Amino acid sequence: MAERSASEPIIQIDRVSKWFGEFQALREISLSVNLGQRIVVCGPSGSGKSTMIRCINRLEAHDAGRIVVDGVELTDDMKNLLEVRRNIGMVFQQFNLFPHLTVLDNLTLSPVRARKMARAEAEALALHYLERVHIPEQAAKYPSQLSGGQQQRVAIARSLCMQPKIMLFDEPTSALDPEMIKEVLDVMIELAEDGMTMLVVTHEMGFARTVADMMVFMDEGEIVEAARPDIFFADPANDRTKLFLGQILSH
């Protein structure tokens, strides 16, 4: 990848806009993410949170502005895109595991195919990350034999097997039963403590207080407020932020 100074952000979003037909999902948003930084993005449904995070690895193509990841600008250049995606892990609401493959096979597929890793090396790496997410005993099972929380932890381990520099999480606990949410958040907290660069879309404000070093609030396709968690929760500057926090923290 391109040489990048230590002070340069690993993700730079500069005046990015995105339309779906007549609907403008993102309105000239700008955000910088530094190496090792942990940013939690919150906001009401339809505020553009998921669209922003999907633009970072070009699952959605932005229509205006610039996105630069680790020194490489995201364009239609497929070579650039593949280079960027090798360094970004993404965890979705749905687990997106291959149902016909065992957990171990789900984890080794990308390292073997995309990184040309030897099968034995990929399996050792997969078992290391299954240990990391506390389910090494599930390696030989199929996704349908696991709980939702276990499946999401497999999805996290699968992303980690590509040894990314950045992890993106798009509401990773929203499809889980309440009792399974904690086991996934605990794994994410451990990742954060290890210094992983993380951008997390979530409504889990307890997690945000524990992990985030910056909170970002989005509404109607705009970044309305960005602040350290202590300021964000205690003294938000914007009325829309206050209203949202009042609603979400009262539940």
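Colleague: Cys 161, buried or exposed?

Modeller: Buried: in this predicted model Cys 161 has a relative accessible area of 0%.

Colleague: And Cys 55, what's the relative accessible area there?

Modeller: Cys 55 comes out at 1%, so that residue is buried too.

Colleague: How many disulfides does a search of the whole structure find?

Modeller: Zero disulfides turn up.

Colleague: Why no bond for Cys 55?

Modeller: Because the closest cysteine sulfur, in Cys 42, is 19 Å from the sulfur of Cys 55, and that's too far for a bond. The cut-off for calling a disulfide is 2.5 Å between the sulfurs.

Colleague: Cys 55 is in H1, right where I'm looking. Which residues of H1 are buried?

Modeller: Lys 49, Thr 51, Met 52, Ile 53, Cys 55 and Ile 56. That's six of the eight residues in helix H1, which runs over residues 49-56, so the helix is largely enclosed by the rest of the structure.

Colleague: What happens just after H1?

Modeller: Arg 58 takes a positive phi there, about 60°.

Colleague: OK, switching to pockets. How much space lies in the largest pocket?

Modeller: About 650 Å³. The lining has 19 residues, and the closest to the pocket centre are Arg 85, Ile 88, Met 90, Ser 110 and Met 162.

Colleague: Which elements give two or more residues to that lining?

Modeller: Three helices and a strand: H2 (78-86), H3 (103-114) and H5 (148-160), plus strand E6 (88-91). H3 has the largest share, with five residues.

Colleague: How does the lining split by class?

Modeller: Nine nonpolar, six polar and four charged residues line the largest pocket.

Colleague: Now zoom out for me. What's the secondary structure of the chain?

Modeller: Nine helices and 10 strands in the protein chain.

Colleague: What radius of gyration does the chain have, and what would a compact globule have?

Modeller: The protein chain has 18 Å, and a compact globule of 251 residues would be near 18 Å, so the two agree. Along the principal axes, the C-alpha trace spans about 55 × 45 × 40 Å.

Colleague: What percentage of the residues is buried?

Modeller: Buried residues are 53% of the 251 in the chain.

Colleague: Last one: among contacts between residues at least 6 apart in sequence, what share joins residues at least 24 apart?

Modeller: For the protein chain, that share is 66%.

Terms used
Residues numbered from 1 in each chain as written. Predicted model: local features only at pLDDT ≥ 70, side-chain atom pairs only at ≥ 80, totals over all residues. Heavy atoms only, no water. 1 Å grid on protein atoms, 1.4 Å probe; cavity = no way out; pocket = protein on both sides within 12 Å on 5 of 7 lines; lining within 4 Å. Points joined across faces, edges and corners; volume = space filled by probe spheres on them. Helix = DSSP H or I, 4+ residues; strand = E, 2+ residues; numbered from the N terminus. Nonpolar A, V, L, I, M, F, W, Y, C, P; charged D, E, K, R; others polar. Buried < 20%, exposed > 50% of the residue type's maximum accessible area, 1.4 Å probe, protein only. Rg over C-alpha atoms; globule rule 2.2 N^0.38 Å. Contact = heavy atoms within 4.5 Å.
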